[in-house]
Amino acid sequence: MPFLTTTQLRSPSQVFVQRAKWLLIVLAALPFLRLAVGAPLGWLGVNPIEFITRSTGTWTIVSLVVTLSITPLRRLLNWPWLVRLRRTTGLITFFYAFLHFMTWLWLDRFFDWTDMVKDIVKRPFITVGFAAFLLLIPLALTSNNASIKRLGARAWQRLHWSVYAIAVLAVFHFIWLARRNPNEPYIYAAIFALLLGARVYWKFSKNK
Ligand code: HEM
């Protein structure tokens with residue numbers, strides 16, 4: 001038997017991680033399928049556009065929480081393999097952000113570019129939501145091994161720290177919507193603060 005390191009001994013097989021990725025993809029597809037099937041069948045209530053906007057917005061922020069939880073969970077549980085799911089959860093976040101943005105652009109603004117710019121400038125919650133979406137694009141585009149190689153691990157990591165800026169913008173976007181449940185954005189704010197706090201603590205403590 002070839003020599004195995006302790007990490008390799010603790011790690012589940014490649015097949016297990018691959019299955020976990022597929023499970024994540026299937027679970028993440030369910031809200032999308034609900035919208036894709038529910039819209040033509042009239043299951044989305046009296047205002048289907050609002051339903052789709054809210055649903056895609058919710059799944060964007062939820063998958064952002066999942067993505068940002070991976071590193072802290074990996075450290076707390078000592079499951080190094082968890083990091084191999086982060087690319088999948090990050091791309092799921094981008095998928096829902098894209099749907100959310102397209103719902104606004106297509107069904108709300110009818111691809112009217114002047115109207116779109118006016119809305120971005122006029123409504124602060126759209127301004128920050130749009131900024132969050134723009135910041136997600138380079139992260140999605142560089143979520144591959146070729147980009148890590150091209151940029152170098154350090155620069156790539158520095159770029160991907162902007163995910164915390166995205167989380168902050170997403171929280172302000174949600175707060176400024178003045179939703180029916182005004183406490184909900186603060187729950188996300190507390191979770192993001194905890195996750196960022198843990199990362200900063202680990203970065204600056206000796207316990208690396
Ligand atoms: C990372 C990016 C984004 C995140 C995490 C996000 C998240 C959210 C969340 C959580 C909601 C509320 C869902 C609910 O009602 O429960 C929401 C609503 C909304 N978002 Fe976003 N969003 C993002 C980007 C954008 C962008 C780019 C736009 C358009 C330019 C946008 C436009 C809207 C609109 C129009 C609503 C509904 C407002 C209403 O119901 O009055 N969002 N978003």
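Let's start at the end of a helix. F110 follows α4 and has a positive phi, near 50 degrees. Keep in mind that this is a predicted model.

Now α4 itself, residues 86-108. Is its length what we expect? What do the end C-alpha atoms say? They sit 32 Å apart. The 23 residues, at 1.5 Å each, should span 33 Å, so the two values agree.

Next, the partner. Two packed helices are described by the angle between their axes and the distance between the axes. α4 packs against α6, residues 124-141, at about 140 degrees. The axes are 10 Å apart. That angle makes the pair oblique, because only values over 145 count as roughly antiparallel. The crossing of α4 past α6 is left-handed.

Which residues meet there? From α4, we have G90, L91, F94, A97 and F101. From α6, we have F133, L136, L139 and A140. By class, that contact holds eight nonpolar residues, one polar and no charged ones.

On to the ligand. The shell around the ligand has 24 residues. Which come nearest? G57, G129, A132, F133 and A170. You have heard F133 already, in the contact of α6 with α4.

Where does the shell come from? Four helices each give at least two residues: α3 (48-77), α4, α6 and α9 (163-175). The largest share is from α3, with eight residues.

And the chemistry of the shell? It divides into 14 nonpolar, seven polar and three charged residues. So much for the ligand; over to you.

How values were computed:
Residues are numbered from 1 along each chain as its sequence is written. This is a predicted model: local features need pLDDT of at least 70, side-chain atom pairs count only at pLDDT 80 or more; totals for chains, interfaces and linings use all residues. Axes are lines fitted to C-alpha atoms, for helices over the stretch in contact, and angles run from 0 to 180 degrees between N-to-C directions. Angles under 35 degrees count as roughly parallel, over 145 as roughly antiparallel, 65 to 115 as roughly perpendicular and the rest as oblique. A crossing is left-handed if the near helix is turned anticlockwise from the far one by less than a right angle, and right-handed if clockwise. Two residues are in contact if their C-beta atoms, placed from the backbone, lie within 7 Å. Ala, Val, Leu, Ile, Met, Phe, Trp, Tyr, Cys and Pro count as nonpolar, Asp, Glu, Lys and Arg as charged, and the others, Gly among them, as polar. A residue is near a molecule or strand if its C-beta atom, placed from the backbone, lies within 6 Å of it. The expected span of a helix is 1.5 Å times one less than its number of residues.
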